[in-house]
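Grab a coffee and open the structure viewer. Below are some exercises, each with a solution worked step by step.

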Amino acid sequence: MDRKIEEIFVKNFIVKDKRERTLFELSSDKKRDSIIHRIFGLLDDKYKVFCEYKINYEEFLSIIKKYADVKKNCYVIADSADDGQILRLDKAYNNMMFESGDYFIFYQDNIVIAKEEVIFGSPYKKILVKNV
């Protein structure tokens, strides 16, 4: 895990009163899995530019392309083997869409692409953009 990148992610996109605890839990081996499952609800919706659950792969990708270059790298926080990895955005997006679990793509310090896995139905997807 890259603590510096995760600090920027938390500072920029987690609601203010939950930042300290979120950062603490992300840095804890015991609590990391638990906080990953709660991050979606802690995201600051004032930066939300998209939130939907009934959208297919290609439609969601076309919206992402309005804000990000899919050939550039991003940082992943996820309930999967991708957690803490730097991946190309298109690979991270593909993994996010075809794996179960909560998944957060942090792109160039100002964009978050998030998926929250739900028990029934389609997962919620959200895009947050800060200062663009």
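How many residues does the largest nonpolar core have, and which of them have the most contacts inside it?

**Ground rules.** This is a predicted model, so to speak: local features need pLDDT of at least 70, side-chain atom pairs count only at pLDDT 80 or more, and totals for chains, interfaces and linings use all residues. Residues are numbered from 1 along each chain as its sequence is written, and side-chain values use heavy atoms, with hydrogens and water left out.

**Exercise 1. Take the core apart.** Work out the question above, then find which elements feed the core.

*Step 1.* Get the terms straight. A nonpolar core is a set of buried Ala, Val, Leu, Ile, Met, Phe, Trp, Tyr and Cys residues joined through side-chain atoms within 4.5 Å. Buried means under 20% relative accessible area, exposed is over 50%, and partly exposed is in between (1.4 Å probe, protein chains only).

*Step 2.* Count. The largest such core has 24 residues, and F60, L89 and I105 have the most contacts inside it.

*Step 3.* Look for the suppliers. Helices (H or I, at least four residues) and strands (E, at least two) are DSSP runs, numbered from the N terminus. At least two core residues come from each of α5 (57-64), β2 (73-78), α6 (89-98), β4 (103-107), β5 (111-116) and β6 (124-129). The largest share, 5 residues, is from α6.

*Step 4.* Check for a second core. Apart from this one there is another, of 21 residues, including L26, L43, Y75 and L128. As background, nonpolar side chains tend to be buried together in soluble globular proteins.

**Exercise 2. Look around F60 and α6.** Which residues does F60 contact, and what covers the buried residues of α6?

*Step 1.* Start from F60. Contact means heavy atoms within 4.5 Å. Skipping neighbours within four places in sequence, F60 is in contact with F50, I55, Y93, M96, M97, I113, K125, K126 and I127.

*Step 2.* Move to α6. Its buried residues include L89, A92, Y93, N95, M96 and M97.

*Step 3.* See what lies over them. The cover includes α5, β2, β3 (86-88), β4, β5 and β6.

**Exercise 3. Lay out the sheet.** In what order do the strands come, and which are the edge strands?

*Step 1.* Two strands pair if DSSP finds at least two bridges between them. On that basis 6 strands form an open sheet in the order β1-β6-β5-β4-β2-β3, with antiparallel pairing.

*Step 2.* The edges are β1 and β3, each pairing on one side only.

*Step 3.* Neighbouring strands of the sheet are turned by 20° against each other on average, direction ignored. Axes here are lines fitted to C-alpha atoms (for helices over the stretch in contact), and angles run from 0 to 180 degrees between N-to-C directions.

*Step 4.* Walk through some pairs. Strand β1 (residues 48-52) is joined to β6 by 4 bridges, and F50 has I127 as its bridge partner in β6. Between β5 and β6 there are 6 bridges, and A114 is partnered with K126 in β6. At the other end, β2 and β3 pair over 3 bridges, with Y75 matched to I86 in β3.

*Step 5.* Add the helix. α5 packs on the sheet, touching β1, β5 and β6, and its direction makes about 5° with that of β6.

*Step 6.* Ask how enclosed β6 is: 5 of its 6 residues are buried, so β6 is largely enclosed by the rest of the structure.

**Exercise 4. Inspect a lysine.** Is K115 buried or exposed?

*Step 1.* K115 is in strand β5. Its relative accessibility is 2%, so K115 counts as buried.

*Step 2.* Look at the side chain. A polar atom of the K115 side chain lies 2.5 Å from the backbone oxygen of E99.

*Step 3.* List the surroundings. Leaving aside neighbours within four places in sequence, K115 has contacts including F40, M96, E99, Y103 and Y124.

**Exercise 5. Check the backbone in a loop.** Where do Q108 and D109 lie, and what is the sign of phi there?

*Step 1.* Q108 is in the loop between β4 and β5, and D109 is found in the loop between β4 and β5 too.

*Step 2.* Most residues other than glycine have a negative phi. Q108 has a positive phi of about 45°, and D109 has a positive phi of about 65°.

*Step 3.* Q108 is partly exposed at 46% relative accessible area, and D109 is partly exposed at 38%.

Note on methods. A polar contact is a pair of N or O atoms within 3.5 Å; within protein, one must be able to donate a hydrogen and the other to accept it, and residues adjacent in sequence count only if both atoms are side-chain atoms.
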